[in-house]
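Dear colleague,

Please find below the structure that I am handing over to you. A short account of what was found in it follows.

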Amino acid sequence: SDLRIAVVGTGLMGADHVLRIRDRIAGAVVSAVIDPDTSRAEAAAADAPGARCFSSLADAIAADAMDAVLIATPGTFHQPDLLAVIEAGLPTLCEKPLTPDAASALEVVQVEAAGGRKLIQVGFMRRYDAGYMELRKMIADGGMGDLLALRCAHRNPDVPDSYTQQMLINDSVVHEFDIVRYLTHSPVTSVEVKHLKRNPNNAAHLDEPILVLLETASGVVADVEMNVSVRFGYQVKTEAVFADGIAEIGRTSGTTVWRDGRFSGAEHTTFKTRFAPAFEHEIQSWVNAAKTGTIDGPTAWDGYLVAAACAAGVRALEAGERVEVDYADRPAFYA
Ligand code: ISE
């Protein structure tokens, strides 16, 4: 039978997941949408035949409205719902970040470990992107020689008014904190942030673009241009610098048009299209694993490791200096 999924949060991300589960994911249905904004919940439910609306996760749990949960609210709202799904024993895919800070993320890890069941997967969907999967294979098989550095461009056309300076790190560079460790199999050991010349196109409260240096225990350094006011579109590119060559992923592969003495190609304008295949692969894998009572992607411990690196990143952003990342010991439960 189909896995009944409750989607928590019906904003940009949640509404996109509702449509994806309805149209692209096999073996699952959206059985509930949860949002205190009733009109938004009803609009999302209208896209999912049979989905019920609830204003809180607690109400949906009490109504036994789902077999699994997809948390798609902003990171600052995640922790109470994570503790509730652990208590209820519900497999859950939690959009990144697990939580925006290390202490609350560690508490989730400790509660899940104490419960004895891995229920939480974190939505680091770049791990399911074909480009990053190929890059990880290239790094592992060594055919290009040693990996020396990763050059990352993470460019957003603009961001909503609710986007804060700290979100540059804990909502955006959060992706690089996970994927750099995933590609190199090595933890991020320190973070340094350099402010680039401020873009006058951005909101007054934002001071960006920034250049973020992630050092890994393996000695590989990744630099990330984090830029949320580029206007032209949405672009996430990574160059891997090897001893014997360079590999680049993320360049748009759309159609190139020649006309009137010029040529052009379309660029993504949102992460929804740039990473649509990755989201589909991620959600389908999560559904398939949840139906067997397991998870096969990043765990709450991966979410904590990223939260700890983000904490150092925020300190580096605000202090303008290199900050070492402090990690708690890994519970045996996540070995
Ligand atoms: C957003 O929340 C995402 O996860 C996108 O992947 C990222 O590019 C964007 O900067 C974040 O705000």
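**Pockets and nonpolar core**

The largest pocket encloses about 1300 Å³ of space. Please note that the model is a predicted one. The lining of the largest pocket is made up of 46 residues, and Met13, Thr73, Pro74, Met167 and Asp171 are those nearest its centre. By character, this lining comprises 21 nonpolar, 18 polar and 7 charged residues. Helices α1 (12–24), α4 (78–88) and α7 (167–184) each contribute at least two residues to the lining, with the largest share, 5 residues, coming from α7.

The second largest pocket has a volume of about 250 Å³. It is lined by 15 residues, of which Asp129, Arg251, Ser253, His268 and Arg274 lie closest to its centre. Here the lining divides into 5 nonpolar, 7 polar and 3 charged residues. At least two lining residues of the second largest pocket come from each of α6 (130–141), α8 (271–274) and α9 (276–290).

Turning to the interior, the largest nonpolar core contains 103 residues. The members that touch the most other members are Ile5, Ile21, Ile120, Leu150, Ile169, Phe177 and Val212. Helix α10 (residues 300–319) provides the largest share of this core, namely 13 residues.

One of these core members, Ile120, may merit your attention when you view the model. When neighbours within four places in sequence are set aside, Ile120 is in contact with Leu82, Ile86, Thr92, Cys94, Leu98, Val108, Glu112, Ile295, Pro298, Thr299 and Ala300.

With kind regards

Methods: Residues are numbered from 1 along each chain as its sequence is written. This is a predicted model: local features need pLDDT of at least 70, side-chain atom pairs count only at pLDDT 80 or more; totals for chains, interfaces and linings use all residues. Side-chain values use heavy atoms; hydrogens and water are left out. A nonpolar core is a set of buried Ala, Val, Leu, Ile, Met, Phe, Trp, Tyr and Cys residues joined through side-chain atoms within 4.5 Å. Buried means under 20% relative accessible area, exposed over 50%, partly exposed in between (1.4 Å probe, protein chains only). Helices (H or I, at least four residues) and strands (E, at least two) are DSSP runs, numbered from the N terminus. Contact means heavy atoms within 4.5 Å. On a 1 Å grid over the protein atoms alone, a cavity is a set of points where a 1.4 Å probe fits but cannot get out, and a pocket is an open set with protein on both sides within 12 Å along at least five of seven lines; lining residues have an atom within 4 Å of a point. Grid points are joined across faces, edges and corners, and a volume is the space filled by probe spheres set on the points. Ala, Val, Leu, Ile, Met, Phe, Trp, Tyr, Cys and Pro count as nonpolar, Asp, Glu, Lys and Arg as charged, and the others, Gly among them, as polar.
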